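Colleague: I'd like a close look at one part of this model, the disulfide. Could you walk me through that, and then put it in the setting of the whole chain?

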Amino acid sequence: QVQLVESGGGLVQPGGSLRLSCAASRSIFSINVMGWYRQAPGGTRELVATVTSGGSTNYADSVQGRFTIFRDSPKNTVGLQMDSLKPQDTAVYYCNVRERAHILGPWQEYWGQGTQVTVSS
């Protein structure tokens, strides 16, 4: 099992920035994908950004160019730098980790408890 603890959410004005961080309770298996998802009120959970153990990144079109995902593998953390925030970025942001012990093994998936991000003037 892996526990994920997020931090860094809060209230910010449009155009502002926030940085989210997520720390895992143990070392993640070498084959993994770490990422961020979000869920707005009344909406479904959606992908924000992911980064693989090889360093490949993927972003939702809505955040491309504004958000940057980064990881610190030795520290088992993943972060999300959010710039040029818009009111439509308001949501609960969830950290996600998928890992497997070997190339043919099953994926295990874990979620953080979520952190609120509110963009409002």
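Modeller: Here is the disulfide, followed by a second spot on the chain and the overall picture.

Keep in mind that this is a predicted model. A search of the whole structure turns up one disulfide, and that bond ties Cys22 to Cys95 with an S to S distance of 2.1 Å. The partners come from distant parts of the chain, 73 residues apart: Cys22 belongs to strand β3 (residues 18-24), while Cys95 belongs to strand β9 (residues 91-100). As for its hand, the torsion about the S-S bond of Cys22 and Cys95 is about -80°, so we call the disulfide left-handed.

What about cover? Cys22 has a relative accessibility of 0%, so it counts as buried. Cys95 also comes out at a relative accessible area of 0%, and is therefore buried. The cut-off for buried is under 20% relative accessible area.

For another spot on the chain, take Thr68, which sits in strand β7 (residues 67-72). Its relative accessibility is 40%, so Thr68 is classed as partly exposed. Leaving aside residues up to four places away in sequence, Thr68 touches Tyr59, Gly79, Leu80 and Gln81. If you want to place Thr68 relative to Val97, the two are 29 residues apart along the chain and their C-alpha atoms are separated by 17 Å. Val97 falls within the residue range of strand β9 (residues 91-100), the strand that holds Cys95.

Now step back to the whole thing. You're looking at 11 strands and zero helices, so to speak a β run from the N terminus on: β-β-β-β-β-β-β-β-β-β-β. Contacts reach far along the sequence too: of those with a separation of 6 or more, 56% are between residues 24 or more positions apart.

On dimensions, the radius of gyration is 14 Å, which agrees with the value near 14 Å for a compact globule of 121 residues. Along the principal axes, the C-alpha atoms fill a box of roughly 45 × 25 × 25 Å.

As for the surface, 43% of the 121 residues count as buried, Cys22 and Cys95 among them. The protein exposes about 6,200 Å², with carbon and sulfur atoms supplying 50% of that area. On the charge side, there are 10 positive and 8 negative side chains, and the centres of those two sets lie 3 Å apart.

How values were computed
Residues numbered from 1 in each chain as written. Predicted model: local features only at pLDDT ≥ 70, side-chain atom pairs only at ≥ 80, totals over all residues. Heavy atoms only, no water. Disulfide = S-S within 2.5 Å. Helix = DSSP H or I, 4+ residues; strand = E, 2+ residues; numbered from the N terminus. Buried < 20%, exposed > 50% of the residue type's maximum accessible area, 1.4 Å probe, protein only. Contact = heavy atoms within 4.5 Å. Rg over C-alpha atoms; globule rule 2.2 N^0.38 Å. Areas by Shrake-Rupley, 256 points an atom, 1.4 Å probe, with all protein chains shown as cover. Lys, Arg positive; Asp, Glu negative; His and termini not counted. Charge placed at Lys NZ, Arg CZ, Asp CG, Glu CD.
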